[in-house]
Amino acid sequence: MRTMATRRSFKLSNLLAWLKGVAARLGFGWGRDLRLGDSYRLGTSKVRVPLGGLPIEISLGLNDKRLHLYPETRLNGRGEPVRLGSFILVDPSAHRRRISGFLRLTPRSWLSLGSADMLQKELFDYPAAVDDEHLVLIHGRDALVFRNLSDAGTRIGPAPAEDGWLRERLWRRLREIFGGPIALLPKDEAMQLIEEVNRLLRKEIYRPLDERGLPGGLLLLPSKLTPIIVADMHAQIDNLLTILSQNAFLDAIEQGTAVLVIIGDAVHSEIDGQLREMESSMLMMDLIFRLKLHFPEQVFYLRGNHDSFSEDMSKDGIPQGLLWARELGERRGTAYLKAMEEFYRLLPYVVASKDFAACHAAPPTSKVDVEMLVQIHRHPRLVIELINNRLQRPNRPQGYRRRDVKRFRQCLQVSPETPLIVGHTPINREDTLWLNVDGIANHHVLFSANPDQVGVFTRIGNTMVPLRYPVDALTSIINSFDPAPG
């Protein structure tokens, strides 16, 4: 007869065995550990690789497709990488060499790799040898767990370190474009810069002319150009610099194959305690103006509600519009203030292509057509809706709804599946982009001012893809470089 202690021991051992089985299935403990020193062919059993191991190369099939798995990092002000706990899965044939995408593996999550996933097929250009379900990859508590599902096989092994010189080259190029350190321009230089930008806007490409002979309120981008879309950067300089130093975006802009589209509100910090600070807004506009001057047909800015000196433009009771006007007037003079007002008047409000449509805040709830968008100077109510309106809520009964999104797509003559991207209304403070907001298919909100991560939409293959990047402390890194000789 078993004693009570024996029965307890028996139950405990059964429970422990059961927990081990569950943990093994989830990859959160127990199992065979493998320290990668060379290539290893996976069998039918799971294999664990400790998290502190090397970056990993994954070969699907007989080297039919190679992917690299890197620890995700962000750079501090000294240029030192700080690990974030997640991993990034990339195609090494494209990563940092052309616009491409990636998959993120976060702690205690998993990825199923295979050609049945349409997004993965776009991201990684899977060959026929990659099965529909080829490999499961699990981020356990202390190890990465690999489980091969394919008869074609999978190999894993150490991957080479990333090419740091590629990013440093881009940082040095950004410093060249800006003309020196990332710092406020002298008053006279800033004045000359904004006047040159305004001259460009009076003849801006891809914008049908209004009745005055000026580019109208609609920007129509050709499908051959890959869009790079950010919104609401709110004076977060490093967010813009991070985007420009990622994913070969800057290279594509320089080659004329991509366009950077900023859908409003690059100014006025929304960080607690910094709402009155305007110097970073001035620097942000200096950067954007430099980019526009260097790439007049590749950089575009849509007007947002913060692009204003209005007394109604306030945040938490702080009149940011008036503070912005006062700061510009005091530091750069009345003529510069008037030039900024002219810049705002010359901006478009809506951008569309076969890939996407976007405006700063919202599709209009009132009647709209293409002619009205082009002749937007005659429709002040339409302006207000495009830059100020928000989703309908009990406290905003006049807000936009699903039917307004549908009508706006019809107005722009794009398909019902075309993504409509807006900014203006972040859903929370923890993220940077939100998909299918309010249950409206292909209706996305983008907020690129999160100080920790910056969101962007771009096109990979034939698909518009949302991407998030950790924000690197690039202002101090770029400013640490020695000036170029001569």
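The exercises below work through a predicted model, from its two domains down to single residues.

Residues are numbered from 1 along each chain as its sequence is written, and side-chain values use heavy atoms, with hydrogens and water left out. Local features need pLDDT of at least 70 and side-chain atom pairs count only at pLDDT 80 or more, while totals for chains, interfaces and linings use all residues.

**Exercise 1. The two domains**

Task: State the bounds of the domains and describe how much area they bury between them.

Solution.
Step 1. Domain 1 covers 12-162 and domain 2 covers 165-480; such bounds come from an automatic or database domain assignment.
Step 2. The contact (heavy atoms within 4.5 Å) takes 19 residues from domain 1 and 30 residues from domain 2.
Step 3. The C-alpha centres of the two domains lie 36 Å apart.
Step 4. The two domains bury about 1,800 Å² between them, with 59% of it on carbon and sulfur atoms. Buried area here is the accessible area (1.4 Å probe) that two parts lose on being put together, summed over both.

**Exercise 2. Polar links across the interface**

Task: Find the salt bridge between the domains, then describe the side of domain 1 that touches domain 2.

Solution.
Step 1. A salt bridge is a side-chain nitrogen of Lys or Arg within 4 Å of a carboxyl oxygen of Asp or Glu. The count between domain 1 and domain 2 is one.
Step 2. Arg74 forms a salt bridge with Asp452, and their closest N and O atoms are 3.6 Å apart.
Step 3. Eight residue pairs, both members at pLDDT 80 or more, are in polar contact across the interface. A polar contact is a pair of N or O atoms within 3.5 Å; within protein, one must be able to donate a hydrogen and the other to accept it, and residues adjacent in sequence count only if both atoms are side-chain atoms.
Step 4. On the side of domain 1 that touches domain 2, strand E4 (65-75) and helix H2 (118-124) are the elements that give two or more residues. Helices (H or I, at least four residues) and strands (E, at least two) are DSSP runs, numbered from the N terminus.
Step 5. E4 gives the largest share of that side, four residues.

**Exercise 3. Two loop residues**

Task: Decide whether Lys354 and Ala266 are buried or exposed, and list their contacts.

Solution.
Step 1. Buried means under 20% relative accessible area, exposed over 50%, and partly exposed in between (1.4 Å probe, protein chains only).
Step 2. Lys354 lies in the loop between E15 and E16. Lys354 is exposed because its relative accessible area is 55%.
Step 3. Leaving aside neighbours within four places in sequence, Lys354 is in contact with Ser223 and Thr418. The side chain of Lys354 also makes a polar contact with the side chain of Asp355 (3.3 Å).
Step 4. Ala266 sits in the loop between strand E13 (258-262) and helix H7 (279-294). Ala266 is buried because its relative accessible area is 0%.
Step 5. With the neighbours within four places again left aside, the contacts of Ala266 include Met233, His234, Met284 and Tyr301. Ala266 and His234 are 32 residues apart in sequence and 4.6 Å apart in space, C-alpha to C-alpha.

**Exercise 4. A covered helix**

Task: How many of the residues of helix H5 (residues 237-244) are buried?

Solution.
Step 1. Seven of the eight residues of H5 are buried.
Step 2. Among them are Ile237, Asn239 and Leu244.
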